[in-house]
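Please open the structure in a viewer and keep the sequence panel visible beside it. The tour below proceeds by selections, with a short account of what is found at each stop.

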Amino acid sequence: MKFRCKMMDNVAMRDLTSVVNTISRMSKMCVLRLMPNALYFTAVEDRSPVIWVQLSIKHFFSEYTMAGVSDELNEIYLELDPVMLARSLTSLKIMAKSAKIKLTNKQQPCLTIEIELPSLSTESRECMHDVPVRVIPRREWDRYQTPDIPKFDISIDMPQLKNVRSIVERMKNLSPTLGITADLSGTLVLKVDTDHATVSAHFQGLATSAEDSAKAREVSANVDIKKFFTFLSWEIMHPNKVKCNMLHDRLINLHLSLEENVVIQYFVPAIAC
């Protein structure tokens, strides 16, 4: 197995840092899946996906080489601490000239990150970080495949995440649970209930679709408000489109895309109230 890549574009380095930073707030452990044409970050809880992120090789890397466990199974799965990875990538966001990331073996498998920093002299400066990883054996790969996306009762475009974030930030101080309701008229309602009041925000005129319009007149789910709020951190990526896909009283799936460079799926199960 081998993996090596190089980054030189400032936008790509900033985007990678933002992606890893946000994942580190969502999960204590994640899996990096390396393939010849894309790489993926996945986090799973109780065998169910929490977050799945696909990154385009073309956008992020000027050089990219990998070889998997065999010609037939040309993939590598690495389990790592996203917080450690985020800390190692910090300087990419503001000051790096280039960065190399490679799979190494330093008493244990590591992702070694070599970052070239600007210098006032003719000599370049470098900093190096080793992020320990666990190479996941083939028998565990099935847990980290592309998640199966169910047919949702309704899919509705999200308003600008920045606006939603400012509202939900206030709501989460009132209740641990957020009620989400959508209908085919294009209305999305976010609501919290307290002992003394009900607070809600209504967004109208949003694009919708449904597998069965008769069943999707109004679809709702109650979710953990902190989990929903964590997803809204992705507004830092300035996504082109974000969809909220809902299964009534069962699940919401938040789907975000940044052109073809980044695709994110976030899963929040409904909770009983």
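Which residues of strand β11 are buried on one side, and which on the other? Select residues 154-157: I154 and I156 are buried on one side, S155 and D157 are buried on the other, and both faces of the strand are thus covered. Buried means under 20% relative accessible area, exposed means over 50%, and partly exposed lies in between, with a 1.4 Å probe and protein chains only. Strands (E, at least two residues) and helices (H or I, at least four residues) are DSSP runs numbered from the N terminus.

Before the tour continues, please note that this is a predicted model, in which local features need pLDDT of at least 70 and side-chain atom pairs count only at pLDDT 80 or more, while totals for chains, interfaces and linings use all residues. Residues are numbered from 1 along each chain as its sequence is written, and side-chain values use heavy atoms, with hydrogens and water left out.

**Stop 1: the partners of β11**

Keep β11 selected and add residues 241-247, which form strand β17. The two strands pair in the antiparallel sense over four bridges; two strands are said to pair if DSSP finds at least two bridges between them. Within this pairing, S155 stands opposite N245 of β17. Next add residues 208-209, strand β15, which is joined to β11 by two bridges and runs antiparallel to it. Here the bridge partner of S155 is S209.

**Stop 2: strand β1**

Select residues 2-7, strand β1, together with residues 63-67, strand β5. Five bridges join these antiparallel strands, and K6 has E63 as its bridge partner in β5. Strand β1 also pairs with β7, again in the antiparallel sense, over four bridges. In β7, the residue bridged to R4 is K102.

**Stop 3: the nonpolar core**

Select F3, F41, V53, F228, F231 and W234. These residues have the most contacts inside the largest nonpolar core, which has 79 residues. A nonpolar core is a set of buried Ala, Val, Leu, Ile, Met, Phe, Trp, Tyr and Cys residues joined through side-chain atoms within 4.5 Å. Now centre the view on F228. Neighbours within four places in sequence aside, F228 is in contact (heavy atoms within 4.5 Å) with M158, V164, V168, L178, I180, V223, I252 and L254.

**Stop 4: helix α1**

Select residues 10-26, helix α1.

- The helix has 17 residues and spans 25 Å from its first C-alpha to its last. This is close to the expected 24 Å, a value obtained as 1.5 Å times one less than the number of residues.
- Because 12 of the 17 residues are buried, α1 is largely enclosed by the rest of the structure. Among the buried residues are A12, M13, L16, V19, V20 and I23.
- At the start of α1, a side-chain oxygen of D9 comes to within 3.1 Å of the backbone nitrogen of V11.

Then zoom in on S24, which lies in this helix. S24 is buried, at 19% relative accessible area. Its side chain reaches the backbone oxygen of N21 at 2.5 Å. Apart from neighbours within four places in sequence, S24 is in contact with P82, V83 and A86.

**Stop 5: a buried loop residue**

Select S91, located in the loop between α3 (82-88) and β7 (98-105). Is S91 buried or exposed? With a relative accessible area of 14%, S91 is buried. Not counting residues up to four places away in sequence, S91 touches A96, I115, L117 and C127.

**Stop 6: the cysteines**

How many disulfides does a search of the whole structure find? The number is zero, a disulfide being a pair of cysteine sulfur atoms within 2.5 Å. Select C5 and C30: the sulfur of C5 is 15 Å from that of C30, its closest cysteine sulfur, and this is too far for a bond. C5 is buried, at 2% relative accessible area. C244 is also buried, at 1%.

**Stop 7: two positive phi angles**

Most residues other than glycine have a negative phi. Select Q107, in the loop between β7 and β8 (109-117): its phi is positive, near 70°. Q107 counts as exposed, at 86% relative accessibility. Finally, select D249, in the loop between β17 and β18 (251-258). D249 has a positive phi of about 60° and counts as partly exposed, at 49% relative accessibility.

Technical notes. A polar contact is a pair of N or O atoms within 3.5 Å; within protein, one must be able to donate a hydrogen and the other to accept it, and residues adjacent in sequence count only if both atoms are side-chain atoms.
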